[in-house]
Amino acid sequence: MHDLPLAAVLAEIARARAARPDLDWAAFDRCAPVTAAHGRRWSFPWHLTASVFVVDVDGRRTLLVEHPTLGRLLQPGGHLEPGETLRQAAERELREECGDAVADAAVLGDLAVDVDLHAIPPNPRRGEPGHLHLDFCFLARLPAEVQSGGELPTRWLALDAEPVRGQARLARIASRLSLDQSPGYRGG
């Protein structure tokens, strides 16, 4: 049994939706209603995931992981474990993938800064069909001098670097961060 704290997860989603109406909530609406089953990795055709977009304290670089299955650079993240909220899953994934030093130094936000529904290709090795991840991404600020040491190789890249700009979701989050730091910008 997978004990998704459904009320807490739904409250997280409601807070993020109220605070960030500019996000692509249509992705979430296509999947609603969310049930406790959607916290399970084996819930198909879609399930919940959580991730973290890590930026340095100057807001100029991001820390990405080399994803072993998808073969590209992504923000740290993954599946929910029993009993976790979205934010707790994001925090755990950051620790696992980037190491204790990164997770201990990171200042993780309370609200998701992005929501995305994306396709995951079939993985015959794991017996997984193609499916969808409804991912909630949180923001973490981190001093760039902190060394990662988790289970995945990591790379610091400028927010305008091709591996960031070349992926729609990473580019979208990076653009929002750039706007948020512009003089006179009021958010949204």
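Here are four short exercises on this structure, each with a worked solution.

This is a predicted model, in which local features need pLDDT of at least 70, side-chain atom pairs count only at pLDDT 80 or more, and totals for chains, interfaces and linings use all residues. Residues are numbered from 1 along each chain as its sequence is written, and side-chain values use heavy atoms, with hydrogens and water left out.

**Exercise 1.** Find where His133 sits and which side chains make polar contacts with it.

*Solution.* Start with the element: His133 belongs to strand 7, residues 131–142 (helices are DSSP runs of H or I with at least four residues, strands runs of E with at least two, numbered from the N terminus). Next, look for polar contacts (N or O atoms within 3.5 Å, one able to donate a hydrogen and the other to accept it; residues adjacent in sequence count only if both atoms are side-chain atoms). The His133 side chain has one with the side chain of His47 at 3.2 Å and another with that of His79 at 3.3 Å. Finally, widen the view to contacts (heavy atoms within 4.5 Å): beyond neighbours within four places in sequence, His133 touches residues including Asp116 and His118.

**Exercise 2.** Decide whether His133 and Pro68 are buried or exposed.

*Solution.* Recall the cut-offs: buried is under 20% relative accessible area, exposed is over 50%, and partly exposed lies in between (1.4 Å probe, protein chains only). His133 has 10%, so it counts as buried. Pro68, in the loop between strand 2 and strand 3 (73–74), has 62% and is therefore exposed.

**Exercise 3.** Work out how many disulfides the structure has, and why Cys98 forms no bond.

*Solution.* A disulfide is a covalent bond between the sulfur atoms of two cysteines; here the test is a pair of cysteine sulfur atoms within 2.5 Å. Searching the whole structure gives 0 disulfides. For Cys31, the nearest cysteine sulfur is that of Cys137, 17 Å away. For Cys98, the closest cysteine sulfur is again in Cys137, and 12 Å is too far for a bond. Cys98 is also buried, at 0% relative accessible area.

**Exercise 4.** Name the residues that touch the most other members of the largest nonpolar core.

*Solution.* A nonpolar core is a set of buried Ala, Val, Leu, Ile, Met, Phe, Trp, Tyr and Cys residues joined through side-chain atoms within 4.5 Å. In the largest one, with 36 residues, the answer is Trp25, Leu48, Leu86, Leu134 and Phe136. Elements giving two or more residues include helix 1 (6–19) and strand 7. A second, separate core of 15 residues includes Phe53 and Cys137.
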